[in-house]
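Please look through the structure shown here, beginning with its division into domains and moving on to a helix packing and a chain interface.

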Amino acid sequence: MATDDILDVRGWVRIGMDSVAENTVGMSRHWEYTDGVAWFLTEFVMTIVIFGGIMSTLFVLLWMERKLLGRFMDRRGAVTSLRSLWVGEGGVTAGEWWNQLPFGTGVPIGMLNRTLNKVAGNDHELEAVSRVKNRSYHGVWWMLPGFFQNLADGMKFMTKEHMVPEKADRFVYEVAPFMIIATTVMCFTFIPLGPQIYSNDSELSILFLMAIFSIAPLGVFFAGWSSNNKYTLLGGIRSAAQLTAYEIPLLIVVLSVVVLSGSFNMIEVIEFQADSGVWNIFLLPLGGLLFMVTMVAEVERIPFDMPEAEAELVEGWWTEYGGMRWGLMFSAEYLRTYVACLLFAHFFLGGWEAPFEDTIPFISMVPHVVWVFLKSWFIFIFFVWLRASLHRVRTDQILEFGWRWLLPLSLVNLAMATALRLWVYDGINGEWPILVPILITSIGLALFILLAIDEDPAAIEANTRPYSVQTTDVASPGQHRE
Amino acid sequence: MAHHKHATPNFRNLIVRPMWMTLKTALRTFPIIGRSKWLQSHGGGKPYHGQVIDPMTEAEREMYTEQAHPSVGHTYSPDRATTDVHPNFERPVTVMYPYERLEDMEPWLFVPGNYNGRIGVIWETCTACKACVRICPNACLHMETETRVNVLDLAEEGDENHGHGVALEVGGQAARRIEGSEEAAAEFQLSTAHEAPPEEYEFGEVIDLSGDTVSVRWNASGTTEEVASSDLLGAEVDIVSGRIDIGRCMFCGLCMESCPFNSFFMTNEYDGMSTHTREDLWYEADRTRVLPVQHAEAVDRELAKRAEQARKKAERAAAKAAKSPKTEA
Amino acid sequence: MAEMWISMGPQHPMTHGLWTLKVKIDGETVVDTEPDLGYIHRGVEKICEARDFTQITTYCDRLCYASANTWSHAYIYAAEDLLGVEVPERAEYIRMVAVELQRIASHLMWLGAYCPDVGNLTGMVWCLREREMMMDLLQELGGSRLHYNFPRVGGVKRDLPIGFAMRCRAKLKLFLDRIQEYEAILDESTIFLIRTQGVGYAKAEDMVNHGVTGVNVRAAGHNYDVRWAHPYSIYDELDWTVAVERPSIKGSDCYDRYRVRVEEMRNSAMMVLEGLDKMPGGAETNHPSGDPAIIAKAPARAPEGQTGFHHFEDSRGESMFYLVGGGEGRGKHPYRVSIRSPMFITIPYAAKCMIGYKIADIPAIMGSFDPCIGETDR
Amino acid sequence: MAKEVSAQQTADAAEAIVAATNEKFGDAAVAEVANHTGGRRKNAYVFITVEADRWHDLAAWLAKSQGVDHCSMITGIHWPEKAEATWQIVAHLMRMGVCNPKRIEGRTHETEVDISNLSGANVPMEFEISMSLPATREPSVPSVADIWVGAEWNEKETWDLVGIDFEGHVGMRRVLLPHDTPTGYHPLQKQHRLRYHDFNEMYDDPQGFGRKPDDVGKVK
């Protein structure tokens with residue numbers, strides 16, 4: 001059913017698990033369960049593969065965030081390079097901890113350390129750098145300077161103490177982080193990384209995904225309420241209001257994609273885009289834009305950052321958490337951003353289908369999982385770019401924008417999707433006439449450019465401020481005293 | 001004072017303009033594309049760091065060559081443009097401190113006389129006048145002084161440095177040997193004694209020098225006494241030890257300005273002054289050193305100045321002596 | 001939600017310093033506010049009573065640590081009024097250069113702190129990058145980066161260093177281009193305009209009655225500036241226009257205050273460039289530090305009964321020193337030093353201004369008044 | 001517009017105010033034109049000495065008729081050795097002439113001020129008003145917070161640091177000193193002397209609450 005791919009992970013795993021099951025259960029007297037056991041083991045191994053793939057590439061996301069944000073702000077971002085693992089002040093070897101390992105297992109580590117110190121040690125051709133014994137700062141670009149900084153930060157959280165606020169609602173306080181983290185990680189079961197790399201291929205996978213994805217706001221509200229801190233309470237309420245306001249337009253946009261692709265199964269959505277040869281972004285440009293905006297609000301990133309607003313709520317609903325709970329919640333936020341990027345890639349950019357799949361000869365040699373990751377990281381650049389350049393919108397402005405603008409637009413988008421599907425796709429026995437995507441994209445681009453260069457000449461010339469500002473009737477200062 | 005032309009809240013300003021500006025800033029940091037013209041300063045096309053100029057104009061170069069101003073031979077750009085530590089980053093503003101030092105990159109910020117860094121004292125030329133102790137706002141300078149007879153005064157008649165000691169003058173200090181103090185000092189064993197060494201002189205302030213007798217007010221008792229000038233020796237207040245509480249010092253530079261004998265310098269050293277306890281922040285003479293070159297230069301300058309003053313004073317005394325016999329005769 | 005008091009306490013990102021703003025909120029709306037100052041009261045007025053006139057400059061540097069030069073010059077003008085000292089022409093020009101560079105650095109520090117208040121970290125890093133350029137210039141003049149101890153009674157500590165004029169012109173011309181980059185991310189960003197326009201209204205007459213002065217009053221549309229109302233230094237010889245916002249009936253809001261400060265940065269840069277050209281004796285010459293061209297002889301003692309005061313246009317408002325002569329040491333120390341801090345009076349007014357707005361507007365409004373707590377608590 | 005207010009304009013405005021004040025408050029207040037002694041331009045300003053109890057009337061009159069709209073600073077000075085003028089209060093007022101923009105038929109007008117021909121009541125003017133009280137345990141002066149709200153925090157600070165009370169001041173409290181400072185402790189009074197704290201006692205009990213006898217009860 002899915003396109004054949006040279007990286008048929010599920011096939012290999014299935015074969016491996018079949019032989020395992022036969023040699024074990026098959027030999028015993030419960031031999032008739034062999035197929036069941038093999039199936040279970042395959043699913044189990046595939047889930048681990050997906051989990052491993054996501055967790056390791058999450059560090060790419062974190063690293064991109066720090067370095068890109070640094071570049072947007074005209075600085076460098078984290079630069080500690082891998083060399084710091086074996087380099088210290090003048091080749092110091094951290095007390096040669098490997099000698100404490102039992103049965104001499106530490107010896108090879110010691111040897112490796114010494115050779116690495118000799119090969120890529122402290123000295124450096126630049127006099128200024130070697131004078132202060134280049135403590136792994138001066139990393140060359142292919143050593144990915146700064147990549148392992150996030151790993152180190154993550155491990156640091158494990159060492160931090162977990163303190164519960166004094167009068168906090170203990171049970172809710174402990175449950176909330178795990179609700180957020182568990183549901184966020186569960187989303188990845190329904191997201192395929194490749195044609196044969198998925199942990200679950202159910203008929204209604206998108207429905208499940210969206211359901212699980214929207215449980216986390218409940219955990220956020222629990223965390224905000226239970227930390228017995230006025231600021232976190234405010235943060236929790238703000239996040240509850242914002243996430244409900246943006247859940248509905250998000251679901252409608254996802255519905256429009258499902259309507260266009262004709263099935264609730266994530267893999268079929270991608271197959272539809274592959275078979276019809278047109279990515280959904282060219283059919284529903286408005287849908288793509290709305291999806292991006294609502295996803296930014298869902299994962300509470302800068303333009304819609306009110307629940308965690310530094311300026312007045314310090315850290316919003318996270319404030320009272322410490323240690324690994326805070327670390328996991330921090331990574332849960334980035335996991336949710338990663339889910340958003342992957343969904344955008346699957347819904348709108350044709351999942352694992354290479355840009356010009358059938359035209360370029362050798363492009364199918366590249367395993368499809370590479371395209372999935374490249375597309376989602378490309379989308380993540382937009383998330384970081386938004387964070388670097390926009391300011392924080394006030395809560396009431398967010399809600400007003402959500403209800404008054406996004407909801408109607410998502411309905412318009414849904415209408416467009418149904419019209420496209422029923423009249424255009426089904427009408428002409430099941431494939432897109434080449435003119436339709438070109439027409440829709442050009443109209444969308446024209447509209448965007450028109451809006452982008454629109455200037456209010458009267459406002460420029462009169463140099464007044466046309467913005468009619470609705471302000472609550474402000475009590476004139478000093479009035480409240482009497 | 002008009003508003004900014006495009007400051008109207010419309011779709012264009014919602015995302016397009018701010019994101020375009022941050023993109024330009026990001027693209028400028030990449031090595032090759034960062035230099036392209038359309039990326040340069042916003043709407044101006046001028047180089048992003050400003051013109052790279054030679055810091056010394058022609059006129060300045062000849063004027064200041066002899067002081068060898070530190071910025072000779074450096075190129076200058078208003079916003080730091082160069083780094084050799086990080087070649088694959090186009091224009092770093094941040095100075096990667098331990099690996100790059102600002103005084104190597106921008107020496108004109110650390111011209112020795114202008115920068116208020118750690119205090120450096122030439123203890124040899126200090127005459128314990130306590131001008132710096134009085135001027136310090138935070139009272140972080142502490143100085144122990146002692147009234148002593150200058151060793152040159154003890155030279156006998158024939159000795160080659162006779163007559164170079166401190167001359168008696170009004171307001172200065174004078175010393176008279178206490179009877180029997182010579183023998184007591186001779187057999188005093190510093191290593192085995194349990195009490196302080198015996199006083200050899202008693203010191204007093206000279207009130208006036210008219211005629212041959214000198215009226216002195218003894219520091220110890222405060223009584224004034226007429227003493228024959230023959231058995232008086234010149235004495236001076238000398239510094240024994242001084243210390244600076246770097247913990248309190250705010251590096252304002254008033255002590256450097258108030259020192260009449262320019263033996264007080266603010267070196268351009270800004271790091272390496274941290275310690276673990278407040279006691280270690282009390283810097284004795286050993287940690288308030290100045291660079292040897294500067295030290296030697298300052299000592300020579302000061303000694304030359306004092307020799308000049310001594311010579312002028314001797315001439316004046318000679319002239320006065322030459323003039324006064326006329327009046328007597 | 002019932003009304004509750006939350007305390008935006010001493011350590012809070014909104015406060016730009018160490019003070020508490022207790023806010024009574026009903027849901028998201030601010031109902032009542034109560035400022036609580038005095039956390040870093042160092043008793044500068046009491047210390048100055050035991051220091052002589054040169055030493056007090058170092059304490060006045062530390063009054064407002066973001067604009068040290070403006071405060072030490074405010075004190076020096078008051079001390080010269082007390083001791084009756086005439087300052088040479090070149091020293092006045094050098095002081096004007098130092099004060100205006102410090103005004104730019106202070107406004108840049110404010111803009112850098114204001115951007116994260118409204119949610120954008122990029123603005124902060126850009127503004128502090130430009131502030132580095134200004135601090136380099138002030139480091140050449142004063143000797144260190146933040147506290148300069150630069151003016152002396154009767155003149156300045158040292159003449160413009162060698163090559164300073166060339167570096168100053170180069171940096172200021174570059175700075176005038178860089179301001180446009182801030183405007184691209186602030187003025188031309190709808191979210192910034194939504195967050196600041198129509199927020200924190202303050203009428204001109206209300207403000208003056210409450211003692212608010214300086215940039216905040218000029219933002220309400222009235223052109224009042226101590227530099228032309230009670231002229232001191234050489235502002236009359238430079239052709240500069242005061243940065244005043246266009247008046248609106250509702251008074252000034254956060255966006256007006258932002259506009260006035262950006263315009264003032266441009267004016268100060270132009271003033272310094274012009275001052276360097278018109279410097280008597282040329283900006284390239286370098287007199288030794290005790291030279292009569294840059295410092296005049298000044299009496300060290302002020303007998304009792306002699307008083308001196310001076311209003312000074314600080315980057316945050318109108319600061320003032322009132323000195324009474326005749327302290328210990330036969331007048332070497334002042335008997336009483338009284339310091340008027342513009343922010344000590346503006347912060348209670350700004351706290352009242354917030355009533356009726358949302359919690360998210362508190363940092364926007366408070367930040368737009370540019371509080372500096374060092375001078376508030378003295 | 002001209003670049004600054006000329007010395008002549010300031011001097012004439014000062015004369016006018018001094019004449020009006022002397023004529024209105026002949027007995028209670030003595031007004032004169034004084035000049036700054038330092039700086040390039042010896043600006044003129046109005047110096048008034050007034051009796052403490054008539055201070056509120058003078059303030060109200062200045063605010064109403066002379067257009068003084070801004071209380072810059074109120075300073076309290078303690079002269080322990082002068083028996084008849086132990087407590088001196090110096091108020092610095094300012095006439096800024098700042099007004100809301102006028103609104104004529106719906107359009108808000110510029111408040112463009114042509115500095116060169118400023119005259120009479122809208123020339124900016126500095127005032128220094130000094131009043132003193134004989135030696136008393138509770139020096140108090142009528143408060144002007146109701147005329148200029150800006151004076152409210154100045155008066156709080158003056159009471160907090162110098163101990164001069166202001167009748168009619170709503171909500172007098174300590175603003176600069178910690179709230180648990182013992183009552184009657186006002187640091188800027190001359191009996192509190194600055195001491196040099198040597199290194200080992202630098203950080204303990206700098207204000208000397210621990211070492212000094214408790215001031216409870218003794219007001220001054």
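What follows describes a predicted model, taking chain A before the contact of chain D with chain C.

In chain A, two domains are assigned, domain 1 covering residues 103–144 and domain 2 covering residues 160–462. Between the C-alpha centres of domain 1 and domain 2 of chain A there is a separation of 42 Å.

Two packed helices are described by the angle between their axes and by the distance between those axes. For helix α5 (residues 147–159) and helix α14 (residues 323–348) of chain A, the packing angle is about 145 degrees and the axes are 6 Å apart, and the crossing of α5(A) and α14(A) is left-handed. From α5(A) the contact draws on A:Gly154, A:Phe157 and A:Met158, which meet A:Gly323, A:Met324, A:Trp326 and A:Gly327 of α14(A). By character, the residues of this contact of α5(A) with α14(A) comprise four nonpolar and three polar ones, with no charged residue.

The other contact to follow is that between two chains, where 44 residues of chain D are in contact with 51 residues of chain C. On the side of chain D that touches chain C, the elements giving two or more residues are the strands β3 (70–78), β4 (87–95) and β7 (125–133) of chain D, and of these β3(D) gives the most, with six residues. The residues on that side of chain D divide into 22 nonpolar, 13 polar and nine charged, whereas the contact of α5(A) with α14(A) has no charged residues.

Key
Residues are numbered from 1 along each chain as its sequence is written. Chains are lettered from A and ligands numbered from 1 in the order in which they are written. This is a predicted model: local features need pLDDT of at least 70, side-chain atom pairs count only at pLDDT 80 or more; totals for chains, interfaces and linings use all residues. Domain bounds come from an automatic or database domain assignment. Two residues are in contact if their C-beta atoms, placed from the backbone, lie within 7 Å. Helices (H or I, at least four residues) and strands (E, at least two) are DSSP runs, numbered from the N terminus. Ala, Val, Leu, Ile, Met, Phe, Trp, Tyr, Cys and Pro count as nonpolar, Asp, Glu, Lys and Arg as charged, and the others, Gly among them, as polar. Axes are lines fitted to C-alpha atoms, for helices over the stretch in contact, and angles run from 0 to 180 degrees between N-to-C directions. A crossing is left-handed if the near helix is turned anticlockwise from the far one by less than a right angle, and right-handed if clockwise.
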